[in-house]
Amino acid sequence: MERYIRQTGLRSFGEEGQVKLASGRVLIVGLGGLGIPVAQYLNAMGVGTLGLVDNDRIALHNLQRQVLYSEEDVGQSKTEVAARKLKAQNGNTQLEIFATYLDQNNALEIIAPFDLIIDATDNFGTRYLINDACVILGKPFVYGAIQGFEGQVAVFNYQGGPTYRCVFPHLPGNHEIPNCNENGILGVLPGIIGTLQALEAVKVLTGTGQVLSGELLIYEGETQTTRKIKLVHRPENQQIQHLQGNYAIPVCDTIPTIDAPDFLKHSETAALQIIDVRNPEEFADFHLKQAKNLPLSGLRDRLAQIRWDEPAYFICQSGVRSRLAVQQIQEIHPEADIYHVAGGMHAIQPLTEIS
Amino acid sequence: MTVLLFGVAKDIVGSPSLSIPTNANGKRIPNTVGELRTFLGKSYPELERLSSLAIAVNNSYANDDETINSYDEIALIPPVSGG
């Protein structure tokens, strides 16, 4: 195998490592910034079968970090373009294309035939889904995630080691953590983290080196610092028997939201600026003591009545108008510290005393 | 006590690290990881609202009942989702 001589010549890898790669079956979930370097390197190095899962199309703003795609590919399906280019890179690889998003209905079926899963997704819902499905099926997975200049890498559920839930037990709410491309990723960062994921995949498949299991690697690009955190294995996280009915929101939501119970708890400890955007009649009927009434219909003309130097909490009857209010204000005051109260007065009423 | 901040914790605090004075007169100094969570949550309510926030003491994942002292290096590690 002339083609792989540079790696088979490595004593710790050898012909044996190449044979193991060739019989390996790896599923890459997500063909974005992280998935692309994983796919390119595993394909180049001779992994036998690569499964590719994504249902996205290539957008112009993907090109600064998703380096497999070209300007002419914009608008096309990621799996189709990636499969074509990977085929040209290495014709021996068996490519299996899944032009879909991974969800609770297809995850077990798609994952089952593979030896190793790569979590190269861009949202928490799918990350927890991959974790739970891999625990149920007894598959290891290589986790990678990025934000700004930072990245995290780990191999989870490897030979009884810790899982993603041992580090982060609960799926974060939509308003807690920046969840989308809009929050910024330096183009080269997914290249670094994705390549580290590819390295871990090779180690798991061939038994070369020491697999990054039981540890979380944190990479900080601004200072070129890496740090490894020793993890604690919680056996109860290995007991998952079924997928959850819902893994929430793979959809991008940039409207800052606070849940009614959190909002109430917060309002008990601080004098909050609360803006009630319902009609004056609804407001007169009942409202929160601290609330100021600025109906949504005339909100744009009354923005001067809001104190911008402190957070403002927008509330309405059910959470629809307050959401719109925050959306409108974000366009005018993108820096404003504003929240919409999910569920509105409907959610608040049973929990509190109304004036 | 030095607290290193990652991901959204860094954005919330507005700095990559925090120093917690260990001789604040009259103030109660956090003795456990759980007390540190509460202590930080008072200054930064958004930290307290995170569903999952891993805390490492001297590069090891720590449970809330773990004791900490002034020469420990603490890291706040929230989940990160981008890809």
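Chain B of this predicted model contains three helices and five strands. Read from the N terminus, these elements follow the order β-α-β-α-α-β-β-β. A helix thus sits between the opening strand and the next one, two helices come after that, and three strands close the chain.

The overall dimensions of chain B can be described in two ways. Along the principal axes, the C-alpha atoms fill a box of roughly 45 × 25 × 20 Å. The radius of gyration is 12 Å, and because a compact globule with 83 residues would have a value near 12 Å, the two agree. As for the interior, 53% of the 83 residues of chain B count as buried. Contacts across the sequence add to this picture: among those in chain B with a separation of 6 or more, 51% involve residues 24 or more positions apart.

The surface of chain B can be introduced just as briefly. Its accessible area comes to about 3,700 Å², and carbon and sulfur atoms provide 44% of that. Chain B also carries 6 positive and 9 negative charges, and the mean positions of these two sets lie 7 Å apart.

In chain A, helix α4 offers a helpful place to look in more detail. This helix covers residues 78-89, and its end C-alpha atoms are 16 Å apart; twelve residues at 1.5 Å a residue should span 16 Å, so the helix agrees with expectation. The buried residues of α4(A) are K78(A), T79(A), V81(A), A82(A), A83(A) and L86(A). An α-helix has 3.6 residues a turn, so residues three or four places apart point the same way. The partners of the buried residues of α4(A) are elements of chain A, namely α3 (35-45), β2 (49-53) and β3 (94-98), against which they pack.

Finally, two loop residues deserve a visit for their backbone angles. In chain A, Q224(A) is not a glycine, yet its phi is positive, near 50°. Q224(A) belongs to the loop between β7 (215-220) and β8 (225-230) of chain A. With a relative accessible area of 59%, Q224(A) is exposed, because the cut-off for that class is over 50%. In chain B, N58(B) likewise is not a glycine and has a positive phi, of about 50°. The setting of N58(B) is the loop between β3 (54-57) and β4 (60-61) of chain B. N58(B) has a relative accessible area of 41% and therefore counts as partly exposed, a class that lies between under 20% and over 50%.

Technical notes. Residues numbered from 1 in each chain as written. Chains lettered and ligands numbered in written order. Predicted model: local features only at pLDDT ≥ 70, side-chain atom pairs only at ≥ 80, totals over all residues. Heavy atoms only, no water. Helix = DSSP H or I, 4+ residues; strand = E, 2+ residues; numbered from the N terminus. Rg over C-alpha atoms; globule rule 2.2 N^0.38 Å. Buried < 20%, exposed > 50% of the residue type's maximum accessible area, 1.4 Å probe, protein only. Contact = heavy atoms within 4.5 Å. Areas by Shrake-Rupley, 256 points an atom, 1.4 Å probe, with all protein chains shown as cover. Lys, Arg positive; Asp, Glu negative; His and termini not counted. Charge placed at Lys NZ, Arg CZ, Asp CG, Glu CD. Expected span 1.5 Å × (residues − 1).
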